[in-house]
Amino acid sequence: KKLELPLARIKKIMKIDELATNQMISSESPLILAVAAEFLVEEMTLRAWIHANQHRRKTIQKSDVAASIAGCEMFDFLIDIVPRDEPVK
Amino acid sequence: VILEQDRFMPIANISRIMKAALPPQAKLSKESKECVQECVTEFLLFLTSEASEKCNTERRKTITGDDLVFAMEQLGFDTYLPPIKAFQKRFKEANKID
């Protein structure tokens with residue numbers, strides 16, 4: 001399977017972490033994160049699509065992504081990124 | 001110094017993954033793509049931070065794939081692990097040949 005996400009950018013983002021700035025990163029690390037991130041995007045998108053469908057829309061809105069986060073325990077770490085109290089249509 | 005454009009995953013790539021996961025009639029608002037872009041970036045940092053702390057505790061200098069797999073287990077992403085472990089195995093084997 002071809003990877004969709006650029007590994008160099010993943011490495012740069014890893015280096016934003018304070019500890020990781022001073023650590024080295026093995027060559028397989030960005031690859032593993034690229035695969036994991038693709039799963040996350042796919043799952044989040046499908047959950048958002050289900051929510052959009054329930055509201056008879058064909059366009060996924062930000063509120064659908066927020067609903068996908070609220071409806072999945074695995075996405076709890078994102079609650080600060082996408083606050084729950086945003087108006088959900 | 002980290003440039004602003006380097007702080008997030010590129011939105012075009014995110015958008016392609018999203019579209020590939022959806023039926024053809026589905027459309028994506030710009031805000032929904034930006035939101036997923038922020039989320040996936042946070043996800044990378046979340047896993048990195050956990051893996052990085054493990055390295056630090058064990059006084060190792062290099063973040064390995066195993067550290068990230070461990071972080072995913074710790075943080076509740078178990079469902080992603082079987083295909084990732086298979087991927088990691090293939091990667092290791094390919095590197096042996098090189």
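This report describes the contact between chain A and chain B in a predicted model, and then turns to two residues of chain A.

**The contact between the chains**

The contact draws 60 residues from chain B and 49 residues from chain A. The size of an interface is often given as the accessible area lost when the parts come together. Between chain B and chain A the buried area is about 5,100 Å², and carbon and sulfur atoms give 75% of that area. Within chain B, the residues that lose the most area to chain A are Ile17(B), Tyr80(B) and Phe87(B), which together make up 12% of what that side buries.

Polar and charged groups also take part, with 16 residue pairs in polar contact between chain B and chain A, both residues being at pLDDT 80 or more. On the side of chain B that touches chain A, the elements that give two or more residues are α1 (11–21), β1 (27–28), α2 (30–57), β2 (62–63), α3 (65–74) and α4 (81–97) of chain B. The largest share of that side comes from α2(B), which supplies 20 residues. Sorted by class, the side of chain B that touches chain A holds 31 nonpolar, 17 polar and 12 charged residues.

The count of salt bridges between chain B and chain A is 3, and one of them joins the side chains of Asp6(B) and Lys12(A), at 3.5 Å from N to O. Strands meet across the contact as well: strand β2 (residues 59–60) of chain A runs parallel to β1(B) and is joined to that strand by 2 bridges, with Thr59(A) standing opposite Lys27(B) in β1(B).

**Two residues of chain A**

| Residue | Element of chain A | Relative accessible area |
|---|---|---|
| Lys11(A) | helix α1 (residues 7–14) | 39%, partly exposed |
| Asp64(A) | helix α3 (residues 62–70) | 0%, buried |

Leaving aside residues up to four places away in sequence, Lys11(A) touches Ile25(A) and Pro30(A). Lys11(A) and Leu33(A), which are 22 residues apart in sequence, are 9.4 Å apart in space, C-alpha to C-alpha.

Asp64(A) counts as buried because its relative accessibility is 0%, where the class requires a value under 20%. The side chain of Asp64(A) reaches the backbone nitrogen of Gln61(A) at 2.8 Å. With residues up to four places away in sequence again not counted, Asp64(A) touches Ala48(A), His51(A), Ala52(A), Arg57(A) and Thr59(A). Thr59(A) is thus named twice in this account, as a residue that Asp64(A) touches and as the residue that stands opposite Lys27(B).

Terms used:
Residues numbered from 1 in each chain as written. Chains lettered and ligands numbered in written order. Predicted model: local features only at pLDDT ≥ 70, side-chain atom pairs only at ≥ 80, totals over all residues. Heavy atoms only, no water. Contact = heavy atoms within 4.5 Å. Buried area = accessible area lost by both parts, 1.4 Å probe. Salt bridge = Lys/Arg side-chain N within 4 Å of Asp/Glu carboxyl O. Polar contact = N/O pair within 3.5 Å; in protein donor to acceptor, adjacent residues only side chain to side chain. Helix = DSSP H or I, 4+ residues; strand = E, 2+ residues; numbered from the N terminus. Nonpolar A, V, L, I, M, F, W, Y, C, P; charged D, E, K, R; others polar. Pairing = 2+ DSSP bridges. Buried < 20%, exposed > 50% of the residue type's maximum accessible area, 1.4 Å probe, protein only.
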